[in-house]
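Reader: Hello! I am new to protein structures and would like to go through one with you. Could we look at it together?

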Amino acid sequence: PAAAPVAASPAVTAPPIEPRDLEAAARSVLPTEVYDYIATGSGAEETLAANLAAWRDLALAPRVLRDVGGVDVSTTVLGTPVSSPVQVAPTGYQRLVHPDGELGMATGAAHAGSLLALSTRATTTFEELADAAGPWWLQLYVLRDRDLTATVVERAAAAGARALVLTVDTPYVARKARATAFPPAEVSPVLVPELRARADEGVWQDPGVTFADLAWLAEVSGRLPLVVKGVVRGDDARACVDAGADAVWVSNHGGRQLDGAVPTARALAEVRSALPDEVEVYVDGGIRNGRDVVRALALGATAAFVGRPAVWALATGGAAGVGDLLVTMRADLEETLALCGCASLADVTPDLLRPAHPHR
Ligand code: FNR
């Protein structure tokens, strides 16, 4: 009789999708300027590259002879149950890559049991999303018009947002290295009609926002939890929490804002150690597979968010593509945990990491 096939790890439920392959597939279906707009970083794209490399620089030191017969990666993020620590970062203008836009992204995330952060620059209305979305947060830019900002926040709260994510690394939109004149003016954000009407009037980001505005935001949202996204320093993280933030999201906007900014894998430890244990820390930037997620968790993150991979998945497969990406990343995380000798997320501690290039 033929030898029985080697059993796949019970953790693995789907063939691996490498976001590298997804990106290539998306590139072949998207118009060049759309692909470039999503792929691009700012400046010389130093941070874009460094984000990816910095995770790989952290070598894993697996534990052996632990019982990893059952691996559970479900967790909670700000109290919301999620199927894994992998969530979807906010990215603008999703209808550029697929006709279903944010609706597809929300459906895919909900199917996989992940949380969705919806961009202020969404091309779908709150109403359209209502039935499709699982748990979601609104990513917010404070606009130059505070009344309009308050309107967006109030509608989000009424539509069921579970938290507000204030993005703070974008006082001005940095010039992109590629796709410099994109998106075109006719692609306007439509979350609320007032925003669509004013989108071309220069109402965007108010560069005068400070820590003092966090309390105002908490007030207008009816005290929704507030997450501050785009922090890479321990002192700023502490100041955010002192000013009323409930959680801090380590990000450099996927290398699209300050080029030369510290990669998030390196910023995470500084931010984590500046905050009390009970304050959740999230991270994004170059997270591409289960190894990267384990590295982020080992550095103290509660959740890791993916930006571009989710957009490539939407572009190539709509809602199903997004669901597949998230389910595959979950399976990859389960396998990685098992191979690290960890049966649960609580077993993922900083001692799993070694610098990959100790002599560099
Ligand atoms: C973004 N990002 C972003 N962030 C935000 O707070 N509001 C936004 O509207 C957008 N829009 C946006 C568009 C596109 C095309 C990209 C690629 C990114 C940043 C995003 O939330 C996240 O921080 C990064 O994408 C994470 O890095 P990776 O996963 O793309 O490497």
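Reader: How many helices and strands are there in the protein?

Author: Happy to help! Keep in mind that this is a predicted model. Counting both kinds of element, the protein has 12 helices and 12 strands.

Reader: What is the radius of gyration of the protein, and what does the globule rule give for 360 residues?

Author: The two values are close, so the protein is as compact as a globular protein of that length. The rule gives 21 Å for 360 residues, and the radius of gyration of the protein is 20 Å.

Reader: Is helix α11 largely enclosed or open?

Author: Let's go through its residues, 290–298. The buried ones are G290, R291, D292, V293, V294, R295, A296, L297 and A298. That makes nine of the nine, so helix α11 is largely enclosed by the rest of the structure.

Reader: Which residues does the UniProt annotation "binding site" cover?

Author: This comes from the record, an unreviewed entry. The residues it covers are Y37, Y141, H253 and R256.

Reader: Is Y37 buried or exposed?

Author: Y37 lies in helix α2, residues 32–39. A residue counts as buried if 20 or more other C-beta atoms lie within 10 Å of its own. Y37 has 22 such atoms, so Y37 is buried.

Reader: And which residues does Y141 touch, not counting residues up to four places away in sequence?

Author: Y141 sits in the loop between β6 and α6. Y141 is buried, with 23 other C-beta atoms within 10 Å. Leaving out residues up to four places away in sequence, Y141 touches T120, T167, T170, W204 and Q205.

Technical notes: Residues numbered from 1 in each chain as written. Predicted model: local features only at pLDDT ≥ 70, side-chain atom pairs only at ≥ 80, totals over all residues. Helix = DSSP H or I, 4+ residues; strand = E, 2+ residues; numbered from the N terminus. Rg over C-alpha atoms; globule rule 2.2 N^0.38 Å. Buried ≥ 20, exposed ≤ 12 C-beta atoms within 10 Å, placed from the backbone. UniProt positions renumbered as here; feature names shortened; annotations may be inferred. Contact = placed C-beta atoms within 7 Å.
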